[in-house]
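I set out to record what I looked up in this model: surface patches, cysteines, salt bridges and a few loop residues. The entries follow in the order in which I made them.

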Amino acid sequence: MARILYAASPIPSAGWLFDGLCGSQGVEACRFLPLDPRQAAQRVARQACRLAQEEGLQTLLVHPRAGSRLEFCPRPSQIQAICRQAAQAGLRQAVLLSSTAIYPPSHHHPGHVGETHRLRRAENALSQAWKRIEQAFLEPCRDFAITAAVLRCCQLAGPIAEGHLGDLLSRRLAVTATGFDPSLQLLHGEDLLEALRQAMLQGAEGIYNVAPQGVIPLRKALRLTGSRRLPVPYSLQQALRWLLTPLGMAAHRSHSEYLRYSHTASAEKIEMDLGFRPRYTSHQAVESLTGRKPRLKGSQRGHDKFGMDRDYIQAYGRTLFRLLHKAYWRIEERGLLHIPARGRAVLVGVHRGFMPWDAVMLLHSIVQHKRRYPRFLIHPCLVKFPCLANYMTKLGGIPANQQNADWVLQQDEIVGIYPEGIRGAFSMYREAYKLGNFGRHDFVRIALRNRAPLVPVVTVGSAEIYPILGRIDWRWFKRLSEWPFLPITPTFPWMPLPLPSKWHTRFLPPLHIEKEFPPEAADDPEAVEKISARVRDLMHQAMQEMLSQRRSAFFGSIFDEGDREADSSTADVQPSVAAAVPLRGERRSF
């Protein structure tokens, strides 16, 4: 049975949690210690010590609150003093209610980060403040050997709400950043209460993220609460907040950064260690905030973990994408039958023209012909700027890292990877059809580890939409855009209109390396490098064959009916790489 000393500022959410703890199973006693940031740290600590000794309390629960101008209650010095006095009073367990805001919002955020995610020095002041709060809590706990647990909770949204986002959802008019629609994780109060109870009863130790099962786009959350959205350019917002915050007329500008980029957290650790799984989704938490009883079934439909919107893709597929595919670039394709109708696969492509139109056209083709929705690993610069961030996210672009690729394949979906990286996209036109280095060959490791086939795809013609004829190494521009240089093309940057070149795309037969190698081959550098070289050779050969058939960059076909028949006859022919790639120190038996 837990006997709890609850130290927090007297705010509605703290009162609601206190009432919930008092009535919780396994909680024998709970006493509330109201805190005021104006009080001296030692005075607050003595009050805590006296209350703990008089009531025989065993567990300290600290609930800091971040104000609109980054004033914290309790302050870090108060938290440190309370923990030291609590240890001297005999309390052997301490729990800090922290926040996932400690993970700074950024276009480099990989999405659904775990507790071991490295907290780099962040420019966001709120993230830095939460780091100081955790350090002030953990330091005395280590010194006095107190069992300490930190619960990093997502934004509380139902049945009560707090913080900048809570205020936004409760307003009739909500100011948002133009061109951004981040995916939010909103936690229901009952789930937070249960997570606290499990942490204290099980004597949890360490850091845990407390996050709901799903996400909800900001626009959808505002629509559910009846708030009208007022988009304002982010730079203008920041300038106004810089002027109005000292006057108490606006929240600190660091709060608004969390409404620009997605900064989701993973709750796998708390489920594995404590068996805690939230009951409510983010959608249901917002529903409870409106006073409606949340629907426990069907409320999460349509809210993708990384923000993909299939209705959005289909709408563009009937309009813009169809126009570009059929009329503007007149794309001809062969080998679409090599895209599996179901199951996982790694699509390996060649990216040229520095704008991501080749990936968008591949997405459109696969959706139209196979009814599948591949997800492409994208560079952070594609979600840095307004409108483009929203566009790329809804099309299924996800931050490029191995963890996200693993997640896609574990859902039995298709992940698209461009092994040359951003350097390949910015190839000079004179070298546009020469394949560059495939980097660290991570696409092979991802496929081997997840038992997925490799499907190479080559496009000729996309390099001509923005043929890079020159470059300017402008330091300011490179830092702003995160591009390797400012490209000079016939139309860019003077008029960013792509040229109407003729595209030719060929999907090559899949390489079923999952049938030829075990997952352990992902750790064999020699095998990985040779598989990568084999894929590169196949793609280079196909590209050169297609170029040899092309008579013009803007007109004509390079495929004939014989190509179509050849595609059908080789549908089941899989190029083997096993014969050329012996596994290090192993004998293949399958």
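**Entry: nonpolar patch.** I looked first at the surface and noted that Ile472, Trp474, Trp476 and Leu480 make a nonpolar patch of about 400 Å². Patches take residues with over 30% relative accessible area and no salt bridge, joining nonpolar side chains (Val, Leu, Ile, Met, Phe, Trp, Tyr) within 5 Å and like charges within 9 Å. The areas come from the Shrake-Rupley method with a 1.4 Å probe, and for residues only the protein chains shown count as cover. I placed Trp476 in helix H19; helices (H or I, at least four residues) and strands (E, at least two) are DSSP runs, numbered from the N terminus. Trp476 is partly exposed at 45% relative accessible area, where buried means under 20%, exposed over 50% and partly exposed in between (1.4 Å probe, protein chains only).

**Entry: basis of the values.** I note that this is a predicted model, in which local features need pLDDT of at least 70 and side-chain atom pairs count only at pLDDT 80 or more, while totals for chains, interfaces and linings use all residues. Residues are numbered from 1 along each chain as its sequence is written, and side-chain values use heavy atoms, with hydrogens and water left out.

**Entry: positive patch.** I found a surface patch of positive charge made of Arg423, Arg475, Lys478 and Arg479. Lys and Arg count as positive and Asp and Glu as negative, with His and the chain ends not counted; a charge is placed at NZ of Lys, CZ of Arg, CG of Asp or CD of Glu. Helix H19 (residues 475-481) gives the largest share of this patch, three residues. Arg475 is in helix H19 and is exposed, at 68% relative accessibility.

**Entry: cysteines.** I asked how many disulfides there are. With a disulfide taken as a pair of cysteine sulfur atoms within 2.5 Å, the count is zero. The cysteine sulfur closest to that of Cys83 belongs to Cys141, and at 4.5 Å it is too far for a bond. Cys83 is buried at 0% relative accessibility, and Cys141 is buried at 2%. I also located Cys154 in the loop between strand E7 (147-153) and strand E8 (155-158); Cys154 is buried at 7%. Its C-alpha is 10.0 Å from that of Ser282, although the two are 128 residues apart in sequence.

**Entry: salt bridges.** I counted 20 salt bridges, each a side-chain nitrogen of Lys or Arg within 4 Å of a carboxyl oxygen of Asp or Glu. One of them joins Arg84 and Asp143 (3.6 Å, N to O). Arg84 is in helix H3 (residues 76-88) and Asp143 in helix H4 (residues 125-143), 59 residues apart.

Asp412 and Arg344 form another, with the closest N and O atoms 3.0 Å apart. Asp412 lies in the loop between helix H16 (402-410) and strand E19 (414-417), and Arg344 in the loop between strand E15 (332-334) and strand E16 (345-348), so the bridge ties together parts 68 residues apart in sequence. Asp412 is partly exposed at 38%, as is Arg344 at 23%.

I then examined Arg550 and Glu464, whose closest N and O atoms are 3.2 Å apart in a salt bridge. Arg550 is buried at 15%, and Glu464 is buried at 3%.
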